[in-house]
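Hello,

Here is the structure I promised to pass on to you. Have a look at it first, and then read on for what turned up in it.

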Amino acid sequence: MDIKGIINYLTNHYHKDNVRDTVDNLADERNNELYEPIFRMLWRKTGSQKRLKSGETARLNAIHHKINLSGKANNQKDNSRIRRLMYSTTMKVLSRAAVWLVIPFLSFLALTMWFPKSILINNQASVVHTEVVAPVGSQINLTLPDGSKVWLNHGSRLTYPQCFKGACRTVHLEGEGFFEVESDFKHPFFVETKKMTVKATGTKFNVKAYDDSPDFETTLVEGRVAVMKTVDEKRRLISKLDPNQHFKFKSESSKYIVKDIDPEKYIAWKDGKLMFEDDALPHVMRKLERWYNVDIIIEDEKLKRLTYKATFFDETLDQVLEKLATVSPIKYEYEKREFNENGTLEKRKVTIKYDLKN
Amino acid sequence: MKIAKKLVDEATINQFIAGDVKAFDAIFEAYNAKLENFAYSILKNESDTEETVQEIFVKLWEKRTSLKQTSSFESYLFSVAYNTSMTLIRKRSKEKHYLEYLENVNTDSLINVLESEFTEEELQQLQQRLNKHIEALPAKQQEAFKLKHFDRLSYQEIATSMNISKNTVENHIVKAHKYLRESLKKDYFIVMLLVSLLN
C-alpha cells in the first residue's frame with residue numbers, strides 16, 4: 001500500500017534498494033484495483049510527445065499484419081464450418097459408390113506408402129557429417145555437394161551430411177547464413193536451427209539464428225520458403241513466406257512477425273557490406289560486436305532509442321564508430337586491455353556514452 | 001478535476017467500431033506516442049514497451065465491437081493499456097535479470113514522459129481516497145489488512161498478534177480485498193459519472 005513508492009517508481013525517482021519491493025507490490029494481482037487511481041492519474045499526466053526513434057509506420061505495419069493473421073484464423077474457422085456442411089451431403093451420395101473404389105484405393109495407398117519409406121531408410125544408413133566454421137571476424141562461402149551455395153557470416157557454423165544429394169538435403173546452422181539452393185522440387189532443402197527450420201526447394205534466402213540471441217530470423221529474396229518448428233519430433237508449419245518478406249520469431253515472447261521489406265539490408269553482409277536501415281543503436285552495436293570481435297557497452301538507456309541509416313564497406317571499427325559519433329550525440333571510449341592468464345590479450349571493449357556536442 | 005482533452009473525434013471512433021481501417025490508423029496516429037510513454041513509465045525499457053503497445057492495438061481492434069459508447073473510449077483505452085502493461089510487469093517481476101536491470105540502470109537516463117509531475121497534494125488525495133475505503137472495512141478485516149500491508153507482517157505474525165489462527169487471517173485478508181475491489185468500483189463509477197457530466 002505504498003502509494004509514494006509506486007509514484008516514485010513510475011516517475012523514475014526510485015532508489016535501487018527498494019525497487020524490488022515496489023515491483024513486487026505492483027505485480028501483486030490483488031492490488032490491481034487499489035492502484036488503478038494512481039495509474040489513471042499517470043495516464044492523464046502522460047504526454048504525447050514523440051520519441052527520439054522513428055519507424056512509426058513500420059510499427060503500424062506490424063500491427064496490421066498481426067491483425068490480419070488473427071483475422072485469417074477467424075475466417076478459416078467459418079470456412080471449415082461451411083466445408084463440413086458440404087462434405088456431409090456429398091458424402092451421402094458418394095458412400096454408395098464408394099464400395100467400388102475401396103479396393104483400387106487400398107492398393108494405391110500400399111504402393112505409395114511402402115516404397116518411398118524403404119528408399120529413405122537406405123539413405124540414412126551411412127551418415128558422415130562435415131562441419132564448416134566461420135569464426136568471429138571472418139566470412140566463408142562454399143558449395144554443397146548438390147550444387148547449392150552457402151555464405152556463412154561471422155561466428156557461424158554449418159553442419160551437413162556428406163552424402164548430401166537426394167532425398168535428405170538437410171543442413172544444421174548455428175549463426176547466420178545466406179543460401180542459394182539448387183532447384184529440386186522432389187527433394188526439399190532444410191535448414192535446421194535450434195529454434196526453427198526453414199524448408200526450401202529452389203530459392204534464395206537468409207537465415208539468422210545465433211545461439212546467444214533469443215531471436216530467429218529469415219529473409220526471402222527469391223522463390224518460396226516455409227518456416228517450421230519441431231514439436232514432438234514432428235515439423236509443423238509456422239508460416240510461408242513470399243519474396244521480399246522477413247520473418248522474425250522472438251523466443252522470449254513466443255511471438256512472430258512477418259514484414260514486407262527490402263531484403264538488401266538483411267543480405268548485404270554477404271558482399272562485405274555493413275548496412276543499417278533505421279536500426280536502433282543496440283542492434284547496430286550487436287552487429288559491430290560480431291563483425292569486429294569486440295564487446296560494446298551502451299552506458300545510457302536514452303541512447304537506445306537512436307536509430308541509424310548507413311552503409312559501410314571495408315572500414316575499420318574506428319572509422320565506423322567515428323562516423324556514427326559525428327551524426328549522433330554519442331562518443332566512444334576504448335577500455336584498456338589486460339592480458340589473459342595464458343598471455344593473450346583479452347577482447348577489446350568499447351563504451352558508448354552520451355555526448356551532446358557544442 | 002482536470003478533464004483530459006480528446007485526441008480523436010467521435011466520428012472516427014464510430015468508424016473504427018464499424019471496422020474502418022483508416023479510422024484505426026488515425027487512432028494509432030493519435031495515441032501511439034501517449035501509449036508508448038505510458039507503458040514506458042511502467043516497464044522502463046524499449047523492447048517491452050514496443051511489444052506492449054503492439055498488443056494494446058491488436059486487442060483494441062479485436063474487441064472493438066464491445067465498445068458501445070464512444071464517450072468512454074479514452075477510459076476503455078486506458079483499461080486495455082493498464083491491464084496489458086501490468087500483465088507484462090507481473091511476468092517480468094519474476095525474472096532475475098529484469099530486477100537487476102532496474103537496480104543498476106541509471107534512473108537519470110530513463111526518459112521522463114510526464115507533462116506535469118505528481119504534486120504533494122495529489123499524492124495526499126490518492127492516499128486519502130485509499131484510506132477512506134480501508135476505513136470502511138469491518139474491524140477485524142481492517143486490522144489484518146493494515147498489519148499486512150502497512151506493517152508488512154507475515155500471516156503467521158498477524159495470527160500471533162491478533163490471537164487468531166493463520167487460516168482466519170488469510171480469510172480476513174481475502175475478504176478485505178474483495179470488499180475493496182467492490183467499493184473502489186462503485187467509487188470509480190461515481191467519479192466517471194461526474195467527469196461525463198462535466199463534459
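A good place to start is a pair that joins the two chains: the side chains of K255(A) and E55(B) meet in a salt bridge, with N and O 2.9 Å apart. Please keep in mind that this is a predicted model.

**Where the chains meet**

How many salt bridges are counted between chain B and chain A? There are six, and the K255(A) and E55(B) contact is a salt bridge with a side chain from each chain. On the side of chain B that touches chain A, the elements giving two or more residues are α2, α3, α4, α5, α6, α7 and α9 of chain B. The largest share comes from α2(B), with 16 residues. Sorted by class, that side of chain B has 39 nonpolar, 24 charged and 19 polar residues.

The contact as a whole draws 60 residues from chain A and 82 residues from chain B. Together the two chains bury about 7,400 Å², and carbon and sulfur atoms carry 58% of it. There are also 19 residue pairs in polar contact across the interface, with both residues at pLDDT 80 or more.

Another salt bridge to look up is the one between E103(B) and R20(A), where the closest N and O atoms are 2.8 Å apart. This pair also crosses between chains, running from helix α5 of chain B to helix α2 (residues 19-27) of chain A. R20(A) is partly exposed, at 34% relative accessibility.

**Salt bridges within chain A**

Over all chains, the count comes to 28 salt bridges. Two of those in chain A link strands.

- D215(A) pairs with K248(A), and their closest N and O atoms are 3.8 Å apart. The two residues are 33 residues apart, with D215(A) in strand β9 and K248(A) in strand β12 of chain A, so the pair links distant parts of the chain. D215(A) is buried at 18% relative accessible area, whereas K248(A) is partly exposed at 24%.
- E333(A) pairs with K353(A), with 2.9 Å between the closest N and O atoms. Because E333(A) lies in strand β17 and K353(A) in strand β18 of chain A, this salt bridge ties together parts that are 20 residues apart in sequence. E333(A) is partly exposed, at 34% relative accessibility.

You will also find a network of salt bridges in chain A that links D212(A), R286(A), E289(A) and R290(A).

**A helix and two asparagines**

Which residues of helix α8 of chain B are buried? They are I158(B), A159(B) and M162(B), in a helix that covers residues 155-162. Seen down the axis of α8(B), the buried residues fall within an arc of 100°, so they line one face of the helix.

Just after α8(B) comes N163(B), with a positive phi near 60°. N163(B) sits in the loop between α8 and α9 of chain B and is exposed, with a relative accessible area of 69%.

Chain A has a residue to set beside it: N244(A), whose phi is near 65°, again a positive value in a residue other than glycine. Most residues other than glycine have a negative phi. N244(A) is in the loop between β11 and β12 of chain A, and is partly exposed with a relative accessible area of 35%.

Enjoy exploring it!

Best wishes

Methods: Residues are numbered from 1 along each chain as its sequence is written. Chains are lettered from A and ligands numbered from 1 in the order in which they are written. This is a predicted model: local features need pLDDT of at least 70, side-chain atom pairs count only at pLDDT 80 or more; totals for chains, interfaces and linings use all residues. Side-chain values use heavy atoms; hydrogens and water are left out. Contact means heavy atoms within 4.5 Å. Buried area is the accessible area (1.4 Å probe) that two parts lose on being put together, summed over both. A salt bridge is a side-chain nitrogen of Lys or Arg within 4 Å of a carboxyl oxygen of Asp or Glu. A polar contact is a pair of N or O atoms within 3.5 Å; within protein, one must be able to donate a hydrogen and the other to accept it, and residues adjacent in sequence count only if both atoms are side-chain atoms. Helices (H or I, at least four residues) and strands (E, at least two) are DSSP runs, numbered from the N terminus. Ala, Val, Leu, Ile, Met, Phe, Trp, Tyr, Cys and Pro count as nonpolar, Asp, Glu, Lys and Arg as charged, and the others, Gly among them, as polar. Buried means under 20% relative accessible area, exposed over 50%, partly exposed in between (1.4 Å probe, protein chains only). The arc is that of the directions from the helix axis to the C-beta atoms.
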